[in-house]
Amino acid sequence: MSKLGIIREFVSFLRERKKWWITPIVLFLLLLGALLVFANGSALAPFIYSLF
């Protein structure tokens, strides 16, 4: 299954089950994960890890 297929299936789940409140939570978690991955090798890493 492709990545686009997973996204498409998730969106159809949100439409059918009326679970639109999940969307901001998922977006926040994706942004937080991306921030941790991209800041892992940078000078910002000590400041980001001190937040957690």
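This note goes through a predicted model of a single protein chain, point by point.

1. Overall fold. The protein chain contains three helices and zero strands, and when it is read along the sequence these elements follow the pattern α-α-α.

2. Burial and surface. Of the 52 residues in the protein chain, buried residues make up 12%. The chain exposes about 4,800 Å², and carbon and sulfur atoms supply 73% of that exposed area.

3. Helix α1. Does the length of this helix fit its residue count, and what span should one expect for residues 3–17? Helix α1 has 15 residues, which at 1.5 Å a residue should span 21 Å, because the expected span is 1.5 Å times one less than the number of residues. The C-alpha atoms at the ends of helix α1 are 21 Å apart, so the model agrees with the expectation.

4. The residue after α1. Helix α1 is followed by K18, which is placed in the loop between α1 and α2. Its phi is positive, near 55°, although K18 is a residue other than glycine. As background, most residues other than glycine have a negative phi, and a student may therefore wish to look at this position in the structure.

5. Surroundings of K18. Is K18 buried or exposed? K18 counts as exposed because its relative accessibility is 62%, and the cut-off for that word is over 50%. The side chain of K18 nevertheless has a partner within the chain, since it reaches the backbone oxygen of R15 at 3.5 Å.

6. A nonpolar patch. Which residues make the nonpolar surface patch of about 480 Å²? The patch is made by W21, I25, F28 and L29. One of these residues, F28, is placed in helix α2, which covers residues 22–38, and F28 counts as exposed because its relative accessibility is 54%. For the spacing of such residues, it helps to recall that an α-helix has 3.6 residues a turn, so residues three or four places apart point the same way.

Note on methods: Residues are numbered from 1 along each chain as its sequence is written. This is a predicted model: local features need pLDDT of at least 70, side-chain atom pairs count only at pLDDT 80 or more; totals for chains, interfaces and linings use all residues. Side-chain values use heavy atoms; hydrogens and water are left out. Helices (H or I, at least four residues) and strands (E, at least two) are DSSP runs, numbered from the N terminus. Buried means under 20% relative accessible area, exposed over 50%, partly exposed in between (1.4 Å probe, protein chains only). Accessible areas come from the Shrake-Rupley method with a 1.4 Å probe; for residues, only the protein chains shown count as cover. Patches are made of residues with over 30% relative accessible area and no salt bridge: like charges are joined within 9 Å, nonpolar side chains (Val, Leu, Ile, Met, Phe, Trp, Tyr) within 5 Å. A salt bridge is a side-chain nitrogen of Lys or Arg within 4 Å of a carboxyl oxygen of Asp or Glu. A polar contact is a pair of N or O atoms within 3.5 Å; within protein, one must be able to donate a hydrogen and the other to accept it, and residues adjacent in sequence count only if both atoms are side-chain atoms.
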